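Reader: Hi! Could you take me through the surroundings of the ligand in this model, and then through the parts that pack around there?

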Amino acid sequence: MPELVFTKTISESLRQYCALSKITNAIVLCDTNTQRCCLPLIAELNLPVIECEAGENSKSFEEVIRIIDKLIDLKADRQTVLINLGGGMVTDLGGFVASIYKRGIPFINIPTSLLGMVDAGIGGKTGIDYLNYKNIVGVFKQANAIFISTEFLKTLPEEDYKSAWSEIIKTAAVANESLFELIESDGNLDEIIKQCALTKSELVERDFMDQNVRQLLNFGHTFGHAYESYFLEIDKPIKHGFAVAYGMRIELKIALFINNISANEFERINKLLNEKLGVVEDGNDLFNLYLKYIASDKKNVDSNVIFSLPKSIGKGQYQYKVSIEQLKKWKIEGII
Ligand SMILES: NC(=O)c1ccc[n+]([C@@H]2O[C@H](COP(=O)([O-])OP(=O)(O)OC[C@H]3O[C@@H](n4cnc5c(N)ncnc54)[C@H](O)[C@@H]3O)[C@@H](O)[C@H]2O)c1
């Protein structure tokens, strides 16, 4: 498992880690925004930098090739460490490049977005998009270390900050009751991020290849992905976190109906989603359209849709199967 370092002094922590691990050669990968806003916090290490355009479009084969060309120019060898300084886009892309360059070089993630700190930067899922498919090409490969410093959040755009809360609430709802209570009581942000990162990393340790218990983290993602894909296709992309919040609301109704969760706990999760993300557009009239995307979801087994649902706050159930016909029926009956 990678070393997970929580720090307020990123430059110093990174310098110490490099000294202890005898790292003599490192290269930073960042995007245009993290170069401007985040690189200054580690500038004193004076490392060579590869920059890519900010935005999901950089998770592409073209960008992988361009970064590999730069690594060759910089004479990166198998001892060189790639330091991914950015949000989920940079850690996904950089992790993938590091996994294939010279059959794999070590990499460090320094997530700079809230989503990166609690989710994308942790867990060893690396990858890029291809055609219209998100994350369709990639490998499982753990970072050597992950440095989490909330200092970076000072420059993160508001929408990126807000939307990431769905992943925090999701992780708490299915896997950590005390984290959920900490969020409800408006607890310290650094502590919330730390608890969430540790909760994800424990699930990853138990099930690195995503075969069982790690799937709990898919709560909200079945309908969430459908919602996200639909808006991507009509060229009005929405933030992943807002899509997940939408998915969590529908999937919570399923959990309530099948007696997985009490009405009180259902309300508590919905209330937190409202507080942290605002009331999310329900998109009810588009339900049948979403079913089209759900039907083609790679998580489906034997034409059943697979859900991860909370059972009670802090506990969840994965691999809950529902047919598309059942979903349509529930919609007509007003259950979801
Ligand atoms: N590997 C995984 O397990 C996993 C999990 C969830 C999401 N993801 C992936 O993560 C990506 C989304 O991550 P994201 O929301 O972090 O997106 P992102 O990396 O695109 O970052 C969002 C925006 O914030 C900017 N930014 C990041 N940190 C900043 C900072 N400190 N100051 C100023 N600007 C900053 C970025 O440049 C970008 O414009 C998607 O590609 C998604 O597929 C991966």
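Author: Happy to; here is the ligand shell, followed by helix packing and the contact between the domains. A word on the source: this is a predicted model, in which local features need pLDDT of at least 70, side-chain atom pairs count only at pLDDT 80 or more, and totals for chains, interfaces and linings use all residues. Residues are numbered from 1 along each chain as its sequence is written.

Around the ligand there are 30 residues, and those that come nearest are Asn 33, Gly 87, Gly 88, Met 89 and Ser 113 (a residue is near a molecule if its C-beta atom, placed from the backbone, lies within 6 Å of it). Two or more shell residues each come from α2 (32–37), α4 (88–100), α5 (114–120) and β7 (133–140). These labels follow DSSP runs numbered from the N terminus: helices are H or I with at least four residues, strands are E with at least two. By class, the shell has ten nonpolar, twelve polar and eight charged residues. Here Ala, Val, Leu, Ile, Met, Phe, Trp, Tyr, Cys and Pro count as nonpolar, Asp, Glu, Lys and Arg as charged, and the others, Gly among them, as polar.

Let's follow α4 away from the ligand. Helix α3 (residues 61–73) packs with α4 at an angle of about 60 degrees, their axes 10 Å apart; axes are lines fitted to C-alpha atoms over the stretch in contact, and angles run from 0 to 180 degrees between N-to-C directions. α3 is therefore oblique to α4, as angles under 35 degrees count as roughly parallel, over 145 as roughly antiparallel, 65 to 115 as roughly perpendicular and the rest as oblique. On the α3 side, Glu 63, Val 64, Ile 67 and Ile 68 meet Leu 93, Phe 96 and Val 97 of α4, where contact requires C-beta atoms, placed from the backbone, to lie within 7 Å. Six residues of this contact are nonpolar, none is polar and one is charged.

α5, another contributor to the ligand shell, leads us to the domain contact. The protein chain is assigned domain 1 (3–156) and domain 2 (163–332), with bounds from an automatic or database domain assignment. Their centres, taken over C-alpha atoms, are separated by 27 Å. Domain 1 gives 14 residues to the contact and domain 2 gives 16. On the domain 1 side, β1 (3–6) and α5 each supply at least two residues, and α5 has the largest share, with five. That side divides into nine nonpolar, four polar and one charged residues.

Key
Two residues are in contact if their C-beta atoms, placed from the backbone, lie within 7 Å.
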